[in-house]
Amino acid sequence: MADFSCTAPLLIYPIIVFILFFSSLHSHFDSPSPSSSPSSSSLSSSTPSPPPPPLIKYFDNGSRNRSLEKKKKKKYFKKMEESLAKARAAIWKAGRSRTYTPYMNESFFPKGEVYRNPSAFYQSHIEMEKIFKIWTYKEGEKPLFHSGPMNLIYGIEGQFMDELESKKCPFAARRPDDAMLFFIPVSVVNIIRFVYRPYTSDASYSRDRLQGLVSDYIQVISRKYPFWNQSSGADHFMVSCHDWAPEISAANPKFFEHFMRVLCNANTSEGFKPVRDVALPEIYVPFGMLGPPRLGHPPADRLILAFFAGGAHGEVRSILFHHWKEKDQDVQVHEYLPKTLNYTELMGKSKFCLCPSGFEVASPRVVESIYAGCVPVIISDNYSLPFGDVLEWSRFSVHIPIARIPEIKTILHAIPMQEYLKKQKLVMQVQRHFTLNRPAKRFDVLHMVLHSMWLRRINIQLPL
């Protein structure tokens with residue numbers, strides 16, 4: 001990994017981290033009101049507390065040239081940081097006062113206990129739509145750059161990349177100086193497809209070539225543009241759903257210390273940091289469709305307690321198969337379904353859908369469960385679930401630690417019917433946030449990913 005010249009950052013961690021503000025208020029407000037007067041139950045004073053400072057501040061090391069051009073850029077960055085400060089203040093006020101500032105004719109607003117703080121989320125999404133811009137670097141050629149898989153298990157990687165590079169994307173910056181984040185448009189899936197395959201020996205699995213390609217790309221853009229060096233990569237990100245993606249930063253952890261990674265493999269035991277990184281939902285995208293058919297039945301018609309079908313990928317599934325494969329009519333666990341049975345229909349007939357980790361922590365079954373109106377049962381340790389800054393996963397899912405796999409039936413039977421019905425209703429409510437649309441729509445899965453990135457961006461302050 002090349003050693004690039006970057007401004008050395010100084011990290012400051014305030015007592016209250018703004019990115020976690022969504023989880024700091026647990027009153028789970030109902031529908032937000034456009035009124036400017038907070039209710040008496042929300043605050044003891046009508047004046048909200050001031051928003052916290054950004055999570056990370058990057059200070060100038062004093063080595064920059066004080067030319068006129070630098071002064072112009074400094075003025076521009078100051079204006080950008082001021083706009084972010086205003087956004088932070090508006091979000092903080094909305095979360096504390098249960099109010100929001102209307103932005104356009106609204107057909108949807110979040111409400112209920114499925115959100116950590118619906119008012120803060122709603123206002124944050126509005127602020128994102130107002131000012132958030134992303135610049136995609138133009139360097140690099142297809143298929144390794146600017147092109148990703150659009151279908152099957154890694155499809156969300158290509159769909160996100162294609163959306164962001166679309167001329168119709170409202171978040172695409174017209175020029176790099178307008179951007180708040182910078183996209184490194186590398187496709188890990190395509191690098192493995194076109195550079196690594198066919199695998200001829202154990203050495204073929206070495207991550208060196210992957211790490212070298214990304215390192216070389218960053219070296220090119222860091223020499224051509226000032227943006228990486230002035231933030232130490234803190235306002236740069238990559239997106240990938242491949243299992244190898246987290247290892248890009250393994251060759252030089254210090255260099256990638258502040259680099260934002262948007263990953264399906266969001267494993268906190270393997271270096272994923274929720275304060276900096278973003279969990280990307282793993283979505284199986286069929287050819288010719290943007291998602292599976294919605295075949296969910298009403299709760300009264302769901303006669304299967306729990307269901308899973310899938311390959312024996314990884315240790316977690318081996319344990320699951322050992323205890324439950326073809327052994328119980330209530331907890332139906334299959335490795336491969338007979339051709340006479342329909343996978344999606346069975347999910348739609350089940351109360352709970354088991355979502356065990358495969359080779360890595362993420363699984364497309366989490367989103368498939370939500371599509372089917374089936375309460376997801378997360379069987380995984382160290383998985384940072386998508387959109388956890390906004391959504392209260394415990395309200396619409398069940399988490400079973402790997403060590404308690406033998407107790408699956410007992411745990412699920414112990415959930416009262418009223419609690420199950422409540423969870424199932426909330427699963428239906430969050431479907432909007434996991435739906436893939438092209439072009440993207442407000443509050444859908446692509447907007448939710450962008451919002452997760454937005455939250456992390458407003459928590460860093462670049463040098464002026």
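In this predicted model, Leu263 is part of strand β5, which spans residues 260-263. With a relative accessible area of 1%, Leu263 is buried, because the cut-off for a buried residue is a relative accessible area under 20%. When residues up to four places away in sequence are set aside, the partners that Leu263 touches are Ser240, Ala245, Pro246, Phe272, Val278, Ala279 and Leu280. For one of these partners, Pro246, the C-alpha separation from Leu263 is 7.5 Å, although the two positions lie 17 residues apart in terms of chain distance.

A second buried position is found in a helix. Gly348 belongs to α8, the helix of residues 343-348, and its relative accessible area of 0% places Gly348 among the buried residues. Beyond the neighbours within four places in sequence, Gly348 is in contact with Leu295, Gly296 and His297, and also with Arg302 and Ala372. The C-alpha atom of Gly348 is 9.9 Å from that of Ile370, a residue 22 positions away along the chain.

The third position to consider is in a loop. Ser380 is located between β10 (375-379) and β11 (398-399), and at 3% relative accessibility Ser380 also counts as buried. Its side chain makes a polar contact of 2.8 Å with the side chain of Ser357. Ser357 appears again among the residues in contact with Ser380 once neighbours within four places in sequence are left aside, together with Val361, His399, Ile400 and Ile402.

From these single residues the path leads to helix α12. This helix covers residues 445-457, and its 13 residues reach 18 Å from the first C-alpha to the last, close to the 18 Å expected at 1.5 Å a residue. At the N-terminal end of α12, Asp444 acts as a cap, with a side-chain oxygen 3.2 Å from the backbone nitrogen of Leu446. How many residues of α12 are buried? The helix is mostly covered, with 13 of its 13 residues in the buried class.

Part of the surroundings of α12 can be described through two other helices. The axis of α2 (residues 118-131) comes within 10 Å of the axis of α12, and the two cross at roughly 90°; α2 is therefore roughly perpendicular to α12. On the α2 side this contact is made by Phe121, Ser124, His125, Glu127, Met128 and Ile131, and on the α12 side by His447, Met448, Leu450, His451, Trp454 and Leu455.

Helix α3 (residues 155-164) also packs against α12, with axes that come within 11 Å and cross at roughly 80°, so that α3 too is roughly perpendicular to α12. Here the residues in contact are Ile156, Phe160, Glu163 and Leu164 from α3, and Leu446, Val449, Leu450 and Met453 from α12. Leu450 of α12 thus takes part in the contact with α2 and in the contact with α3, while Leu446, whose backbone nitrogen is the one capped by Asp444, contributes to the contact with α3.

These details can be set against the whole chain. The secondary structure of the protein amounts to twelve helices and twelve strands, and 55% of its 464 residues count as buried. Among contacts with a separation of 6 or more, 75% come from residues 24 or more positions apart. The protein exposes about 20,600 Å², of which carbon and sulfur atoms supply 53%.

Key:
Residues numbered from 1 in each chain as written. Predicted model: local features only at pLDDT ≥ 70, side-chain atom pairs only at ≥ 80, totals over all residues. Heavy atoms only, no water. Helix = DSSP H or I, 4+ residues; strand = E, 2+ residues; numbered from the N terminus. Expected span 1.5 Å × (residues − 1). Buried < 20%, exposed > 50% of the residue type's maximum accessible area, 1.4 Å probe, protein only. Polar contact = N/O pair within 3.5 Å; in protein donor to acceptor, adjacent residues only side chain to side chain. Contact = heavy atoms within 4.5 Å. Areas by Shrake-Rupley, 256 points an atom, 1.4 Å probe, with all protein chains shown as cover. Axes fitted to C-alpha atoms, helices over the stretch in contact; angles between N-to-C directions. Parallel < 35°, antiparallel > 145°, perpendicular 65-115°, else oblique.
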